[in-house]
Structures are given as structure tokens and as C-alpha cells.
Amino acid sequence: EGNPARAKFTLIGYRMRFLIAAALFILSVFMLLFGLAERTIWAPPANYSASLKFQSNRPLAIIPAETLALHPGNPTIQVSGAKPVFVASAREADIKAWIGISEFETILFDAKTKRLTNQPTVGAKNIDNPAGSDLWRAEQKDSSYTELEISRSGQGAALIASDGAKPIPTNLTIVWPIPNNLTRSNIFLIAGAVVLLGAFVMNFLAYRHMRKSRGPRRRTPTPPKPPRYKVKRNKANAPVRGRRSARRAFIAIPLTISLLGIATGCTSQAQLVPSPSPSISAINVPPVALTSSQVNKILIDVAKTAADADLVSDKKVLLGRFTGPALAQRTANYVLRTRSASVAKLPKIVASPIAFSLPAATDAWPRTLMVVTDEPGDEALPQMLVFEQESPRSKYMLWYNIRLMPGAKIPEVPSSDTGAIPVDIKSLFLKLAPQDIASAYGDVLNRGASSLSQGLFDLTKDEFYKQVSESQKSQVANLTTGTITFKHTLGDPNVISLSTTKAGALVAVYMTDTYVIKPKKRGSAVAVSGQEKVLLGADGSTRGVRSIYGDMMLFYVPALSDTAGIRLLGVTQGLVSVRSL
């Protein structure tokens, strides 16, 4: 330390540390201020809203997707001024289909006045309540005020009503949220805190180094000067002079400004730019008819309806969600249970968990939905529920409730977000037209290998075919006092089909098995037992008995060019009727 050059170098070192600490402190202050400004004075407004107050005697109003797309984000619809108030969200085409020929208002944005306006459409009087429709993705209703966030995906629009007959609410407000991305603010605040901490550390090191430099020093004997006390100045705090210090300041200031400029240059102005409406794709692909939330809502309602009806064995409870073969089989079971306590209930219908969901991809009616739900438990087989919606204002009705066969594998199908194209029942592109499957399969049951249709089906793992065909042969062989005939036909013309990814189809069909037993000799009788005896109300008949069983069946029908055969994937068989000839 007696070396003057070394002492000068040490002095310059801790001065540099103080300068760096000061620069870091200033930089951290600017970064923290920028971070706070992003959250306060530079933050965009919370939302953008547009209101409309009007008087109209019409019972329905639609807010089209074009109006909801004035600003980014999913808007919230707020309505009041009527008792009750109702808001629903759905695809715009579905809302217009539900409205049909009824009179309604259209809420539009007037580019000249920059305000919402209503445009009336003349039509018939509406009397139906829109609440509870299967077309709605979401809905809200209340006594005088309600609000609902509308999803703009898939041409999302909104329907406003009271109860479908009274005039619509008079107060409407559409609120678009303005997202405030705090990522940049968080980066500034975190980086500013880190830089501030670095400034304190650098300042501490400089101060520590300065204290060490003021420690006891060894004097060299060369200068013949008497010892004297001299008060030391804190040269670290003295103003720095000279050309070198000016050059350091000249470099530090632009560097700090450059860092701040780079950081703030990433800041974008929060502007409300109207987002364009989704354009129509060059390829006209039909949209999927149902979302997952709509499917869940339908399943929950159907499961509740079935449980309520099973509890009281009342067909009338089923009419809101059941039709066709599903209604016929459950009704027959109710009749049997009212006549005999030994008859078991049909397996319950469960809404979850959903193992498979395939809605139709279409913008027309009727619309189809196929869902597989797997009831918890090892003994319960998965069930395929097949629905159809006949018109926009009708509900999805359960047509088929089919238990899948053990080991059955559903072929590859489109995803539930894409949906499947409905297949015409007379399609010539499949190995067999869907409407002909029941009669062809029935012929195979009756004739076996001699049937002309036998080569169309894959019967290697078809347990239903094996059991039914063997049962028929056994009855013919063992019945010595009478004759029996078997007839398998299409039981309902409503065959429901959806396409698979390999140009095949899943086909739900209803086949009826008619068994006619007649005595050979006059005066003899035909005896019945089990459920046939309960439903007939007698032990038999001298004229003969006709028993009809219904088979709800699910087939996979490959494409015409495919070498694979038609496979039976599931079947639910039930006694439908028994009567004396």
C-alpha cells in the first residue's frame, strides 16, 4: 500500500463500484416505474360496453355473431325490464332455425351512429317457450335480470326472450372484456427488483472495499518527515474530475436510455380493434351439431327421465325423452312388472362416464347423436344410446338403447369436435344398404350357410347369431305336437347411421323376431311360460300363440370396397307382445 500507483488503482476500483451501484439503482427505479405504470396509468379499461333501450312487442330477439364480433373476446349479455327474462347462446343458424317463421328483432350495430339498433322482422306469433331447448349451448333465466357469457366459437350468437309469448326485455347491454396482459408488467417488476438487489450488493461491496483501504498502513522510512495527523477525505464521494470520468458518464447514460428504450419499445398500445367475423371456409364442411356440454345436458335429462319412470313404472313419464323401440321395450317391461313382481327392471340408463360420443356433423334435420356410457361395475356392459332430433324445436329423443357385446370394438370414427356425416339408409357405397340389414341378417339366422346373405356378415365372433340360430333349430327339433315358424324383419323404418373414418358406417336398426306356434292336432294347446305367460295372462292357447321380440341392434357396415364383413357390435332384446291366434 505504500506504492502510490497501486493506491491510485485501488481508489479508482471502489469508485467504479459506487458508479455501477448508482447506475443499477437508477435502472431498477425506471423498471419498477414501468412495471407499475403497466398496471395503472397505462392499463386499458376493464371492458367495452354497448347498451340499447327499446320498446318492442315481439317475443324474440337475436343478437347475431356479427354484432358480438365488434370487439375481441367473449361478450356478456345483460338483460332486464321484463318478467321473466331469458338469454341463451347457440350457433346463429340454430337460433334462426328455432325461430323459424316467428316474428323477432335483430340487434345490429349502426356504423353511422356507433350505437346498437334493432331491426324488426314480421312473422307469425310465437307461443313456445325457448327455455330448455337442446339447441342451446348455455342458457340463463331469472325473474327480472340475468346475464350470460356468450361463446363466439362456431358462429356463436344469442337469443333474448321473456317466456316466448310476452314482449322481450327492454334493457340490453353487451359487455366485451378487455384483456390486460400483465406479463410485461411482471417482467419489469421482477427484473427491477433483481437489479435493485444487485445495486445494493454492489454498493455494499464498494463500501466494504473502501473500509479496508482505510486500514493501518506501514510507513516507509525514506521520507524524513515527522509524524502528523491528517484527516482523510472520503474521496469515493468526491466529484470525479477529468476526461475519463466524463467518458464513463457519456457511455453510462446512453446505455441506460437504450435499455429502457428497448424495454418500452415492446409496449403496445391497448386499442379496441374490431375483430373480423369468421369467414366461411372454402370447403363447405357441415359443422358439428352438438358440443360436449349439450351432450352432457341431454344425457343427464334422459337418465333422470328413465329413473323417474322406472320408479313408478309409468309410460307417460318416458314420453318426454323416449320414442320408437326404446319406448316400446321399456313400456313392455312396465306392463310385465305390474303383473308380476318377479320380473326384473331393465338396466338403468347412466349419463356418465362417457366412453364414446359421436354427434352428427350437419346443419339440417333430423339430427343424430350416438353416445356410449359405461356403467360402473364389472357386470354391466357399456350401453350405446342413439338419439334423434326431428326438428329444431323438438328434443333429442332416445330411439335405441343397445348393450354392446363383450369384446366389441367400435371402429375408428371422427372426433366429437368434428362430428360424423349422416349416412343415407339407401346408400350404395356400403357393403349393404342400412335399410336392408335387418332382413338380410334375419335370413342368415333362419337359413344359416344356405342364405345368400351369409357371406356379407362376419359371424366368427357373433354370439347372438350362434345362440339364436341354435335355439331355433332346437325348438324345431323338439316340438312334436305343433309347428313353429320364425320371421325376422325390419321393425321400424327409422334406421340411424353415422359414417366412420374409413367410409364405413355405424348403423342402429330395430329387428323384430316373430315366433308363431300352432298345434298340429285339433283340441291340443300350445303352452307358454315365463314372461310370455305373464304378458299373455294365460298358460297357453288352443289356437296357437304369436310372440314378438324386439332387437335393438348396432352394426358396423364396411365400405363397399372393404373386404371385411358386417359385424354385430351390440344388441338389446326384449319381449314386446304375446297374443293368442
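## Exercises on rings, strands and cores

Arg-393 lies over the face of Trp-98, at 3.8 Å from the ring centre. Keep in mind that the model is predicted. With that contact as a starting point, let's work through four exercises.

**Exercise 1.** Find out how the rings of Trp-98 and Trp-136 are arranged, and whether each residue is buried or exposed.

*Solution.* Start with the geometry: the ring centres of Trp-98 and Trp-136 are 6.0 Å apart and their planes meet at 50°, so this pair is tilted. Next, place the partners: Trp-98 belongs to helix α3 (residues 92-99), while Trp-136 is in the loop between β6 and β7, and 38 residues separate them. Now check accessibility, where buried means under 20% relative accessible area. Trp-98, at 3%, is buried, and Trp-136, at 0%, is buried. Finally, recall that Trp-98 also has Arg-393 over its face.

**Exercise 2.** Work out which strands carry Tyr-48 and Trp-176, and classify their ring pair.

*Solution.* Tyr-48 sits in strand β1 (residues 47-53) and Trp-176 in strand β10 (residues 171-177), so to speak a link between distant parts of the chain, 128 residues apart. Their ring centres lie 6.1 Å apart with planes at 45°, so the pair counts as tilted. As for accessibility, Tyr-48 is partly exposed at 31%, whereas Trp-176 is buried at 0%.

**Exercise 3.** Trace the open sheet of 6 strands and identify its edges.

*Solution.* First write down the order, β6-β5-β2-β9-β4-β7, and note that the pairing is mixed. The edge strands, each pairing on one side only, are β6 (115-121) and β7 (138-142). On average, neighbouring strands are turned by 25° against each other, direction ignored. Then look at one pairing: strand β4 (residues 85-91) and β7 run in the antiparallel sense, with 5 bridges. Within β7, Glu-139 is the bridge partner of Ala-88.

**Exercise 4.** Locate the members of the largest nonpolar core that touch the most other members, and list some contacts of Tyr-400.

*Solution.* This core has 44 residues, and those touching the most other members are Phe-322, Met-370, Met-384, Phe-387, Tyr-400 and Leu-506. Helix α6 (residues 292-312) gives the most to the core, with 7 residues. Turn now to Tyr-400: leaving aside residues up to four places away in sequence, its contacts include Pro-325, Met-384, Ile-496, Tyr-510 and Met-552. Apart from this core lies another of 29 residues, among them Met-405, Ala-440, Phe-486 and Tyr-515.

Conventions:
Residues numbered from 1 in each chain as written. Predicted model: local features only at pLDDT ≥ 70, side-chain atom pairs only at ≥ 80, totals over all residues. Heavy atoms only, no water. Core = buried A, V, L, I, M, F, W, Y, C linked by side-chain atoms within 4.5 Å. Buried < 20%, exposed > 50% of the residue type's maximum accessible area, 1.4 Å probe, protein only. Helix = DSSP H or I, 4+ residues; strand = E, 2+ residues; numbered from the N terminus. Contact = heavy atoms within 4.5 Å. Pairing = 2+ DSSP bridges. Axes fitted to C-alpha atoms, helices over the stretch in contact; angles between N-to-C directions. Phe/Tyr/Trp six-rings, centres within 6.5 Å; stacked < 30°, edge-to-face > 60°. Lys NZ or Arg CZ within 6 Å of the ring centre and 35° of its normal.
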